[in-house]
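Subject: Structure for your review

Dear colleague,

Please find the structure below, together with its sequence. A summary of the findings follows it.

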Amino acid sequence: MKKFLVLLVLMSFFSCKQQGFTEEGSEPEELIKTFKEAPGEEPTKPKQTEVWEPKPKEITVDEVTRIPSDAIVLFDGSNFDGWVSSKDSSAVKWILNPDKSMTVKNKTGDIQTKRNFGDIQLHIEWKSPGEVRGEGQHRGNSGIFIQGRYEIQVLDNNDNDTYVNGQVGSIYKQSIPLVKASAPSGEWNSYDVIYHAPKFNSEGRKIKAGTITVLHNGVLIQDHYIIKGTTEFIGWPKNKAHEKAPIKLQDHRDNSGVSYRNIWVREL
Ligand code: MG
(Lines give C-alpha, C1' and ligand atoms only; values in the text may rest on other atoms or scores of the structure.)
Protein backbone atom coordinates (compact mmCIF):
# COMPACT_ATOMS: atom_id res chain seq x y z
CA MET A 1 0.00 0.00 0.00
CA LYS A 2 2.81 2.36 1.01
CA LYS A 3 4.64 1.55 -2.24
CA PHE A 4 1.48 2.23 -4.19
CA LEU A 5 1.05 5.66 -2.56
CA VAL A 6 4.67 6.60 -3.33
CA LEU A 7 4.13 5.56 -6.94
CA LEU A 8 0.95 7.64 -7.13
CA VAL A 9 2.73 10.74 -5.79
CA LEU A 10 5.62 10.23 -8.20
CA MET A 11 3.24 9.81 -11.14
CA SER A 12 1.33 13.00 -10.40
CA PHE A 13 4.65 14.85 -9.99
CA PHE A 14 5.85 13.71 -13.42
CA SER A 15 2.48 14.40 -14.96
CA CYS A 16 2.65 18.02 -13.71
CA LYS A 17 6.16 18.35 -15.08
CA GLN A 18 5.00 17.06 -18.45
CA GLN A 19 2.11 19.51 -18.51
CA GLY A 20 4.68 22.19 -17.76
CA PHE A 21 6.52 21.28 -20.96
CA THR A 22 3.44 21.33 -23.17
CA GLU A 23 2.11 24.55 -21.64
CA GLU A 24 5.29 26.28 -22.72
CA GLY A 25 4.31 25.63 -26.34
CA SER A 26 4.62 22.78 -28.74
CA GLU A 27 7.28 24.37 -30.97
CA PRO A 28 10.25 22.02 -31.10
CA GLU A 29 12.67 24.87 -30.37
CA GLU A 30 10.73 25.90 -27.28
CA LEU A 31 10.57 22.31 -26.11
CA ILE A 32 14.32 21.92 -26.49
CA LYS A 33 14.84 25.18 -24.61
CA THR A 34 12.62 23.97 -21.78
CA PHE A 35 14.52 20.70 -21.57
CA LYS A 36 17.83 22.53 -21.44
CA GLU A 37 16.57 24.96 -18.83
CA ALA A 38 15.60 22.22 -16.40
CA PRO A 39 19.00 21.57 -14.78
CA GLY A 40 19.25 18.54 -12.59
CA GLU A 41 15.93 17.24 -13.80
CA GLU A 42 17.08 14.84 -16.49
CA PRO A 43 14.14 12.46 -17.01
CA THR A 44 14.75 8.96 -15.79
CA LYS A 45 11.58 7.28 -17.06
CA PRO A 46 10.39 6.95 -20.69
CA LYS A 47 6.96 8.32 -19.81
CA GLN A 48 8.39 11.64 -18.65
CA THR A 49 9.22 12.56 -22.23
CA GLU A 50 6.05 11.23 -23.86
CA VAL A 51 3.56 13.78 -25.23
CA TRP A 52 -0.01 12.58 -25.93
CA GLU A 53 -1.77 15.78 -26.98
CA PRO A 54 -2.68 17.32 -29.36
CA LYS A 55 -3.42 14.28 -31.51
CA PRO A 56 -2.77 14.90 -35.24
CA LYS A 57 -5.87 14.84 -37.44
CA GLU A 58 -6.28 11.51 -39.19
CA ILE A 59 -6.43 11.52 -42.99
CA THR A 60 -6.49 8.82 -45.64
CA VAL A 61 -4.81 8.55 -49.02
CA ASP A 62 -6.83 7.36 -52.00
CA GLU A 63 -5.54 3.97 -53.12
CA VAL A 64 -5.77 4.80 -56.82
CA THR A 65 -5.13 8.54 -57.13
CA ARG A 66 -2.82 8.82 -54.06
CA ILE A 67 -4.60 12.10 -53.20
CA PRO A 68 -4.84 12.79 -49.45
CA SER A 69 -8.38 13.17 -48.08
CA ASP A 70 -7.67 16.71 -46.85
CA ALA A 71 -6.35 17.94 -50.20
CA ILE A 72 -8.08 20.48 -52.44
CA VAL A 73 -8.14 19.07 -55.97
CA LEU A 74 -7.32 21.91 -58.35
CA PHE A 75 -7.35 19.91 -61.56
CA ASP A 76 -8.49 16.33 -62.17
CA GLY A 77 -8.85 16.56 -65.95
CA SER A 78 -12.61 16.96 -66.08
CA ASN A 79 -12.86 20.75 -66.38
CA PHE A 80 -11.24 24.15 -65.75
CA ASP A 81 -13.72 25.08 -63.02
CA GLY A 82 -11.01 26.05 -60.52
CA TRP A 83 -9.08 28.20 -63.00
CA VAL A 84 -9.26 31.48 -64.88
CA SER A 85 -7.15 33.34 -67.39
CA SER A 86 -4.58 35.45 -65.46
CA LYS A 87 -4.92 38.46 -67.72
CA ASP A 88 -8.61 39.23 -67.31
CA SER A 89 -10.17 36.41 -65.23
CA SER A 90 -11.99 35.13 -68.32
CA ALA A 91 -12.51 31.44 -69.09
CA VAL A 92 -9.40 29.32 -69.61
CA LYS A 93 -8.55 28.78 -73.28
CA TRP A 94 -6.00 26.00 -72.80
CA ILE A 95 -6.68 22.52 -74.21
CA LEU A 96 -8.48 19.90 -72.13
CA ASN A 97 -7.27 16.44 -73.23
CA PRO A 98 -9.09 13.08 -73.12
CA ASP A 99 -6.28 11.63 -70.92
CA LYS A 100 -7.29 13.96 -68.05
CA SER A 101 -4.49 16.43 -68.73
CA MET A 102 -4.42 19.99 -70.07
CA THR A 103 -2.02 21.54 -72.56
CA VAL A 104 -0.94 25.16 -72.86
CA LYS A 105 -2.64 26.74 -75.87
CA ASN A 106 -0.02 29.02 -77.36
CA LYS A 107 -0.45 32.74 -76.76
CA THR A 108 -3.72 32.42 -74.87
CA GLY A 109 -1.93 33.57 -71.72
CA ASP A 110 -1.16 32.27 -68.24
CA ILE A 111 -3.87 30.66 -66.16
CA GLN A 112 -4.35 30.74 -62.41
CA THR A 113 -6.41 29.22 -59.64
CA LYS A 114 -9.57 31.02 -58.55
CA ARG A 115 -8.56 30.37 -54.96
CA ASN A 116 -5.79 32.18 -53.14
CA PHE A 117 -3.20 30.28 -51.16
CA GLY A 118 -0.58 30.94 -48.48
CA ASP A 119 1.47 28.08 -47.04
CA ILE A 120 0.91 24.92 -49.05
CA GLN A 121 1.91 21.44 -50.02
CA LEU A 122 1.44 21.18 -53.77
CA HIS A 123 1.45 18.19 -56.06
CA ILE A 124 1.55 18.81 -59.80
CA GLU A 125 2.51 16.71 -62.82
CA TRP A 126 3.80 18.05 -66.12
CA LYS A 127 5.36 16.90 -69.37
CA SER A 128 7.02 18.51 -72.34
CA PRO A 129 6.11 17.32 -75.85
CA GLY A 130 7.63 14.05 -77.08
CA GLU A 131 8.35 15.72 -80.39
CA VAL A 132 11.28 17.97 -79.47
CA ARG A 133 11.16 21.53 -80.80
CA GLY A 134 13.01 24.75 -79.98
CA GLU A 135 16.21 25.25 -78.02
CA GLY A 136 17.36 26.56 -74.65
CA GLN A 137 14.58 28.45 -72.89
CA HIS A 138 12.33 27.87 -75.90
CA ARG A 139 11.97 24.11 -75.49
CA GLY A 140 9.04 23.02 -73.37
CA ASN A 141 9.14 26.11 -71.17
CA SER A 142 6.36 26.73 -68.70
CA GLY A 143 6.40 27.36 -64.98
CA ILE A 144 4.50 27.11 -61.76
CA PHE A 145 4.25 30.47 -60.03
CA ILE A 146 3.51 30.03 -56.35
CA GLN A 147 1.43 32.94 -55.11
CA GLY A 148 1.61 34.17 -58.70
CA ARG A 149 5.19 35.40 -58.13
CA TYR A 150 7.70 32.70 -57.33
CA GLU A 151 8.43 30.50 -60.32
CA ILE A 152 9.48 26.87 -60.20
CA GLN A 153 10.82 26.40 -63.70
CA VAL A 154 9.31 23.84 -66.04
CA LEU A 155 11.58 23.17 -69.00
CA ASP A 156 12.62 20.38 -71.35
CA ASN A 157 16.31 20.37 -70.43
CA ASN A 158 17.06 16.98 -71.94
CA ASP A 159 20.12 17.44 -74.19
CA ASN A 160 19.28 21.11 -74.06
CA ASP A 161 21.64 23.48 -72.29
CA THR A 162 20.61 26.73 -70.66
CA TYR A 163 21.70 28.92 -67.72
CA VAL A 164 21.49 26.71 -64.64
CA ASN A 165 19.53 29.14 -62.48
CA GLY A 166 16.86 28.97 -65.17
CA GLN A 167 16.98 25.24 -65.83
CA VAL A 168 14.28 22.73 -65.02
CA GLY A 169 13.53 22.70 -61.27
CA SER A 170 15.24 26.02 -60.60
CA ILE A 171 13.62 28.76 -58.60
CA TYR A 172 13.91 30.99 -61.62
CA LYS A 173 17.05 33.18 -61.62
CA GLN A 174 17.58 32.42 -57.91
CA SER A 175 18.26 28.83 -57.00
CA ILE A 176 19.94 26.13 -59.08
CA PRO A 177 18.35 22.71 -58.43
CA LEU A 178 20.49 20.24 -56.48
CA VAL A 179 20.21 17.72 -59.32
CA LYS A 180 18.42 17.36 -62.64
CA ALA A 181 15.87 14.60 -62.21
CA SER A 182 13.88 14.94 -65.45
CA ALA A 183 11.89 12.19 -67.09
CA PRO A 184 12.59 11.65 -70.82
CA SER A 185 10.93 14.25 -73.07
CA GLY A 186 7.28 13.37 -73.59
CA GLU A 187 6.95 11.52 -70.26
CA TRP A 188 5.29 12.76 -67.10
CA ASN A 189 7.22 14.49 -64.32
CA SER A 190 5.98 15.31 -60.85
CA TYR A 191 6.79 18.21 -58.57
CA ASP A 192 5.97 17.99 -54.88
CA VAL A 193 6.37 21.33 -53.22
CA ILE A 194 6.36 22.53 -49.62
CA TYR A 195 6.00 26.28 -49.55
CA HIS A 196 5.88 28.78 -46.71
CA ALA A 197 4.86 32.27 -47.68
CA PRO A 198 6.88 35.35 -46.70
CA LYS A 199 5.50 37.57 -43.96
CA PHE A 200 5.19 41.33 -44.16
CA ASN A 201 4.52 43.87 -41.41
CA SER A 202 1.84 46.56 -41.50
CA GLU A 203 4.28 48.95 -43.23
CA GLY A 204 4.69 46.43 -46.02
CA ARG A 205 8.22 45.44 -45.02
CA LYS A 206 9.22 41.78 -45.33
CA ILE A 207 9.85 40.43 -41.85
CA LYS A 208 10.18 36.75 -42.71
CA ALA A 209 11.32 35.25 -46.00
CA GLY A 210 9.31 32.61 -47.82
CA THR A 211 10.83 29.14 -48.15
CA ILE A 212 10.44 26.41 -50.70
CA THR A 213 11.26 22.72 -50.89
CA VAL A 214 10.77 20.84 -54.15
CA LEU A 215 10.92 17.15 -55.02
CA HIS A 216 11.21 16.37 -58.72
CA ASN A 217 10.03 12.84 -59.48
CA GLY A 218 10.46 12.11 -55.78
CA VAL A 219 14.02 13.50 -55.66
CA LEU A 220 14.91 16.50 -53.50
CA ILE A 221 15.98 19.35 -55.78
CA GLN A 222 15.27 22.45 -53.66
CA ASP A 223 15.99 22.05 -49.96
CA HIS A 224 14.13 24.65 -47.91
CA TYR A 225 15.44 27.44 -50.14
CA ILE A 226 14.99 30.91 -48.70
CA ILE A 227 13.24 32.87 -51.43
CA LYS A 228 14.87 36.22 -52.13
CA GLY A 229 11.79 37.78 -53.73
CA THR A 230 9.89 37.62 -56.99
CA THR A 231 11.48 35.59 -59.80
CA GLU A 232 12.14 38.28 -62.38
CA PHE A 233 13.10 37.70 -66.02
CA ILE A 234 15.03 40.99 -65.94
CA GLY A 235 16.26 42.60 -62.74
CA TRP A 236 16.63 41.68 -59.07
CA PRO A 237 13.99 39.96 -56.94
CA LYS A 238 11.30 42.31 -55.63
CA ASN A 239 9.66 42.18 -52.22
CA LYS A 240 6.41 44.09 -52.41
CA ALA A 241 4.00 43.01 -49.66
CA HIS A 242 1.26 40.61 -50.66
CA GLU A 243 -1.49 38.50 -49.19
CA LYS A 244 -2.56 34.98 -50.10
CA ALA A 245 -2.53 34.64 -53.89
CA PRO A 246 -3.35 32.20 -56.71
CA ILE A 247 -1.11 29.53 -58.20
CA LYS A 248 -0.28 30.47 -61.79
CA LEU A 249 0.77 28.29 -64.73
CA GLN A 250 2.79 29.89 -67.50
CA ASP A 251 2.11 30.20 -71.20
CA HIS A 252 5.65 30.97 -72.39
CA ARG A 253 4.17 32.11 -75.72
CA ASP A 254 6.53 30.02 -77.85
CA ASN A 255 4.41 26.97 -78.59
CA SER A 256 5.89 25.04 -75.67
CA GLY A 257 3.24 22.31 -75.79
CA VAL A 258 3.66 21.66 -72.06
CA SER A 259 0.89 19.64 -70.41
CA TYR A 260 -0.25 19.43 -66.78
CA ARG A 261 -2.35 16.93 -64.85
CA ASN A 262 -3.30 15.78 -61.35
CA ILE A 263 -2.92 19.03 -59.43
CA TRP A 264 -3.80 19.12 -55.75
CA VAL A 265 -2.89 21.22 -52.81
CA ARG A 266 -3.00 20.97 -49.02
CA GLU A 267 -3.15 24.17 -47.04
CA LEU A 268 -0.59 24.17 -44.24
MG1 MG B 1 9.16 29.28 -67.29
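Please note that this is a predicted model. I begin with two glutamines: Gln153 and Gln250 are both buried.

Both also belong to the magnesium site. The protein donors of the magnesium ion are Asn141 (OD1), Ser142 (O), Glu151 (OE), Gln153 (OE1) and Gln250 (OE1), at 2.2 to 2.3 Å from the ion. Along the chain, these donors follow the spacing N-S-x8-E-x1-Q-x96-Q. Gln153 belongs to strand E8 (residues 150-154), while Gln250 sits in the loop between strand E14 (248-249) and strand E15 (259-267), so the two residues tie together parts that are 97 residues apart in sequence.

As regards aromatic contacts, the model contains five aromatic pairs. In one of them, the ring centres of Trp94 and Tyr260 are 6.4 Å apart and the planes meet at 20°, so this pair counts as stacked. Trp94 lies in the loop between strand E2 (83-85) and strand E3 (95-96) and Tyr260 in strand E15, 166 residues apart, and the pair thus links distant parts of the chain. Trp94 and Tyr260 are both buried. A charged residue also meets a ring: Lys248 lies over the face of Phe145, 5.2 Å from the ring centre.

Tyr260 appears again in the largest nonpolar core, which has 38 residues; Tyr191 and Tyr260 touch the most other members. Strands that each supply at least two residues of this core include E1 (72-75), E7 (142-146), E9 (189-196) and E15. Strand E6 gives the most, with four residues.

Yours faithfully

Note on methods. Residues are numbered from 1 along each chain as its sequence is written. This is a predicted model: local features need pLDDT of at least 70, side-chain atom pairs count only at pLDDT 80 or more; totals for chains, interfaces and linings use all residues. Side-chain values use heavy atoms; hydrogens and water are left out. Donors are N, O and S atoms within 2.8 Å of the metal (3.2 Å for Na, K and Ca); water is not among the atoms, so sites may look incomplete. Buried means under 20% relative accessible area, exposed over 50%, partly exposed in between (1.4 Å probe, protein chains only). Rings of Phe, Tyr and Trp (its six-membered ring) pair if their centres lie within 6.5 Å; planes under 30 degrees apart count as stacked, over 60 as edge-to-face and the rest as tilted. A charge sits over a ring if NZ of Lys or CZ of Arg is within 6 Å of the ring centre and within 35 degrees of the ring normal. A nonpolar core is a set of buried Ala, Val, Leu, Ile, Met, Phe, Trp, Tyr and Cys residues joined through side-chain atoms within 4.5 Å.
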